[in-house]
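Hi everyone, thanks for making time. I'd like to walk you through a structure, starting with its cysteines and then moving on to a pocket.

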Amino acid sequence: MIAEDDEKWLAAANAAVKQNAFYMQRAIDSNNLKDALKFSAQMLSELRTSKLSPHKYYELYMRVFNELGTLEIFFKEETGRGCSIAELYELVQHAGNILPRLYLLCTIGSVYIKSKDVTTTDILKDLVEMCRAVQHPLRGLFLRSYLAQVTRDKLPSIGSELEGDGDAQMNALEFVLQNFTEMNKLWVRMQHQGSSREKEKREKERNELRDLVGKNLHVLSQLEGVDLGIYRDTVLPRILEQVVNCKDELAQCYLMDCIIQVFPDDFHLQTLDVLLGVCPQLQPSVDIKTVLSGLMERLSNYAASSVEALPNFLQVEAFSKFNYAIGKVVEAQVDLPAAGSVTLYLFLLKFTLHVYSDRLDYVDQVLGSCVTQLSATGKLCDDKAAKQIVAFLRAPLEKYNNVVTILKLTNYPRVMEYLDHETNKTMAIIIVQSVLKNNTHISTADEVDALFELAKGLIKDFDGTIDNEIDEEDFQEEQNFVARLVHNLYNDDPEEMSKIIFTVRKHILTGGPKRLPLTIPALVFSALKLIRRLRGGDENPFGDDASATPKRILQLLSETVEALSDVSAPDLALRLYLQCAQAANDCELETVTYEFFTKAYLLYEEEISDSKAQVTALRLIIGTLQRMRVLSVENRDILTHKATGYSARLLRKPDQCRAVYECAHLFWADECENLKDGERVVLCLIRAQRIADAVQNMTNASRGTSSTGSVALYVELLNKYLYFLEKGNTKVTGDTIKSLAELIRSETKKVESGAESFINSTLRYIEFQRQQDGGMSEKYEKIKMEWFE
Amino acid sequence: MNFLLGAFKPACNISITFTDGKNRKQVPIKKDNGQIVMNPLFQSQETIAGKIHIDPYQGKKVEHNGVKVELLGQIEMYFDRGNFYDFTSLVRELDVPGEIYERKTYPFEFSSVEMPYETYNGVNVRLRYVLKVTVTRGYAGSIVEYQDFVVRNYVPPPPINNSIKMEVGIEDCLHIEFEYNKSKYHLKDVILGKIYFLLVRIKIKNMDLEIRRRESTGAGANTHVETETLAKFELMDGAPVRGESIPVRVFLTPYDLTPTHTNINNKFSVKYYLNLVLVDEEDRRYFKQQEITLYRLKEETS
């Protein structure tokens with residue numbers, strides 16, 4: 001409705017402007033000064049309306065503005081025809097209405113300046129003074145905007161053809177400053193117009209007009225001859241005075257931004273304390289962080305773009321000034337939300353990183369200031385602040401791409417203390433990811449300690465907060481990062497490396513039942529790697545008291561893995577024990593090896609009850625045990641015996657059978673002569689066959705279910721026999737094999753076994769071996785079977 | 001300048017020319033019927049001289065009892081119509097009784113005439129100067145011809161010319177201080193000044209400066225006062241805030257002003273006032289009137 005009226009009024013005004021402009025043009029064409037003035041005044045009268053919204057008013061203004069261009073030219077010509085410009089200057093002031101009068105005055109004024117008849121200064125002064133008469137904010141703004149527009153290319157400046165002396169220049173400056181001041185006043189005043197209900201709308205409209213005010217600053221910046229001295233002593237103080245005094249949020253915000261954007265970087269740099277000194281004086285609602293961030297961003301870019309500028313930064317102590325200013329701002333704005341202050345520090349940090357990338361102490365100082373600020377507010381709870389602080393902490397990481405550098409910042413962990421758990425974890429992930437992404441080399445235990453301290457959010461739960469909503473997958477992913485991190489820690493010096501491992505262990509063990517299964521393996525393997533390295537060295541270079549002996553480390557690992565068994569991850573613990581046992585074996589530490597086995601066995605007996613798990617575990621045990629070389633005969637016997645015993649006690653017969661024939665390997669180690677007990681091997685195999693028979697019987701009894709199992713077992717057994725035959729176990733006789741083969745054949749005849757391809761492959765293998773030259777075919781000679789005939 | 005006045009009389013044609021009529025400045029004067037005519041301009045102590053031509057119409061002769069020319073300064077009150085009051089009356093006899101057969105020219109001269117008052121055309125009163133030529137005749141009625149001329153008197157700038165400065169207001173509502181640079185202005189002058197707003201609690205829409213003329217005629221109980229607004233000049237648009245000062249600059253040239261006349265021959269006075277008017281958004285008017293004195297300054301150029 002209102003908008004419609006708006007349109008209507010605009011249309012009417014436009015029509016009137018058009019008509020009067022036409023008459024004006026006609027009067028101009030016929031050189032009729034009086035009529036030209038009359039119609040131009042009538043045309044300008046349309047601008048007296050109060051009905052239009054700023055937007056529409058602007059349209060109308062632009063239309064009139066274009067017409068005034070013609071008038072200006074006409075005035076110029078008129079003076080050429082002998083009409084004194086002073087007379088014209090007076091003549092236009094006869095207009096009864098103030099607004100048309102002043103528009104005309106500005107128009108003729110601009111011609112007057114050009115004519116060089118009078119000092120520019122006087123005219124400028126007069127114009128800017130006379131314009132005071134329009135106190136209506138909208139109309140005044142546009143009038144003064146017009147004034148600025150028509151005079152801008154005529155302002156005197158150094159080298160200007162108009163007037164070169166310094167006074168004129170200062171006066172031009174004064175003119176622009178005054179016009180700016182008045183415009184800003186009008187602009188600020190706009191908000192008090194009309195009812196308070198429409199405040200929001202009005203603020204929006206005001207915002208649309210802001211460039212009219214800002215243009216003055218632009219003109220100032222373009223004014224020739226405004227050097228640093230003038231800027232510092234005159235321009236800036238005057239602008240800032242107005243900014244502070246207007247006490248208006250919108251204006252302050254916009255103008256500060258304008259100042260920052262419009263004037264050159266080095267001016268800002270040299271007047272930093274003035275500019276910053278103003279910030280605490282602004283209205284509390286002003287978004288200072290945007291302002292300051294704009295400034296810092298600009299200066300950062302400046303520093304980045306020109307290397308020569310950098311010494312200036314040092315010279316003016318830009319950093320300490322910013323730091324101080326921000327402190328002041330935070331102090332002054334008591335109800336500044338945490339997010340706001342953090343953002344401020346974020347920008348300061350970014351600035352510092354840009355400009356003083358080599359000054360870690362500055363970076364640390366920023367962090368310190370932030371800590372001080374945060375200590376007042378306590379832990380951060382709102383999302384926005386958290387987001388900001390993450391960005392804040394992230395900035396140095398991204399800049400240096402090196403966590404080691406971050407670790408040198410003493411205040412960094414202190415900032416992290418103020419994060420809530422969620423954020424802390426997020427941050428920890430970011431840090432760890434940074435390490436992983438950049439492949440950062442972290443090589444001392446102290447660094448590692450500090451790093452884990454930082455990544456605490458990932459490493460352990462916080463007191464009393466067990467988040468049940470954690471997504472399992474995410475959690476694993478996070479812990480994977482930790483595991484990867486552990487792998488990333490490396491030092492060539494085994495001594496230091498062992499220290500690292502100790503440190504890591506210390507931290508990891510705090511992780512709680514959910515984390516341990518995911519993190520400990522990494523630690524264990526990292527340690528094993530070190531052990532292997534130690535073993536690779538000829539002898540222990542440190543003497544016995546050094547921490548980096550394989551024994552010490554294994555000892556440590558033993559304890560570590562034990563922690564795992566406490567948290568119901570016996571499978572994993574068992575595997576790790578076996579890994580350790582292997583390592584111990586490699587280091588020829590018999591007792592340690594035995595110890596590990598004991599632990600593994602105990603675990604097997606006490607913790608592993610699931611039969612499938614048992615099968616797997618047992619296989620692992622057998623596999624590892626088979627490779628043990630350091631064990632004494634008795635110890636080995638004990639362990640072997642136990643293992644065979646476990647095998648026989650598995651639940652499912654086929655599992656039993658398989659476990660038992662695997663046990664056969666325990667008595668036969670290829671490369672070790674004293675570990676070749678052919679008889680016991682065969683015994684095992686026979687026992688296995690017996691179990692297989694039992695399986696066979698059972699399946700026969702319950703025909704129809706799965707009958708293939710037993711045949712497969714036989715074939716597997718056959719393969720085992722062949723293996724030992726090949727290895728030269730003399731106790732394996734051709735008869736045994738033949739009878740087994742016979743058995744398989746008869747069984748396969750009875751039922752579809754489903755194991756044909758396995759059988760055929762085996763047979764083909766036998767055939768092949770027989771045809772080989774050398775000892776192998778000899779061995780196979782014994783098991784000539786009619787099957788193959 | 002040949003003005004054919006009173007041509008309805010068939011007997012003869014009388015015309016009056018001034019000696020320096022070609023060069024003398026002419027100024028426009030509004031006549032009773034609304035017509036604007038140009039009349040020659042004189043000032044006090046000038047010599048008014050010229051020639052009077054009497055031109056009988058073809059074949060006619062004019063018998064007369066004498067020809068005279070009079071210089072009259074008259075004040076005419078409109079409410080008392082037709083009743084002239086002559087404050088100046090000078091006579092020159094031009095001819096003894098006789099007959100005129102053909103064009104006859106009489107030179108005349110009033111030297112250093114005292115003309116203390118200016119020509120004035122007001123609402124209720126008129127002051128005019130006129131040359132009256134009378135061809136006196138016995139029975140046919142005299143033949144009379146008039147020639148108006150304008151008198152303007154120039155005065156030097158007043159030695160004392162203080163500014164007008166005043167603070168006015170309505171308590172807790174509006175306080176302003178205004179200042180006009182002078183209290184006496186010549187007719188081509190510029191009023192300069194400033195309006196300071198000391199307190200503004202009303203929503204002002206605009207501010208005008210009016211130039212008002214107050215013409216009072218008659219005396220005592222018969223005094224007639226007529227006030228006209230001759231100029232309405234907008235000084236300010238919109239509502240100022242406390243502390244604003246608004247410039248005043250009013251050129252008097254475009255307005256039809258006369259000098260201030262005080263008690264002219266006990267008949268009338270003309271006074272001028274500046275009226276500062278503030279209008280608020282409810283169209284209420286707040287005003288303050290100040291008298292100014294206008295005078296005619298000798299123009300440098302003429």
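So, one term before we start: a residue counts as buried when its relative accessible area is under 20%. And keep in mind that what you're looking at is a predicted model.

Take C246(A). Its relative accessibility is 13%, so C246(A) counts as buried. C279(A) is buried too, with a relative accessible area of 1%.

Now, you see cysteines and you probably think of disulfides. A disulfide, remember, is a covalent bond between the sulfur atoms of two cysteines. How many disulfides does a search of the whole structure find? Zero, over all chains.

Why does C246(A) have no bond? To count as a disulfide, two cysteine sulfurs have to be within 2.5 Å. For C246(A), the closest cysteine sulfur belongs to C253(A), and because that is 11 Å away, it is too far for a bond. With C279(A), the closest cysteine sulfur is again in C253(A), at 11 Å, so that one is too far for a bond as well.

Okay, on to the pocket. I've picked the second largest one, which has a volume of about 860 Å³. Its lining is made up of 33 residues, and the ones nearest the centre are P28(B), R152(B), D256(B), L257(B) and T258(B). The elements giving two or more residues to that lining are strand 2 (26-30), strand 10 (120-121) and strand 12 (143-151) of chain B. Which of chain B's strands gives the most? That's strand 2, with five residues.

And the chemistry of that lining? By class, there are 13 nonpolar, seven polar and 13 charged residues.

Definitions and conventions
Residues numbered from 1 in each chain as written. Chains lettered and ligands numbered in written order. Predicted model: local features only at pLDDT ≥ 70, side-chain atom pairs only at ≥ 80, totals over all residues. Heavy atoms only, no water. Buried < 20%, exposed > 50% of the residue type's maximum accessible area, 1.4 Å probe, protein only. 1 Å grid on protein atoms, 1.4 Å probe; cavity = no way out; pocket = protein on both sides within 12 Å on 5 of 7 lines; lining within 4 Å. Points joined across faces, edges and corners; volume = space filled by probe spheres on them. Helix = DSSP H or I, 4+ residues; strand = E, 2+ residues; numbered from the N terminus. Nonpolar A, V, L, I, M, F, W, Y, C, P; charged D, E, K, R; others polar.
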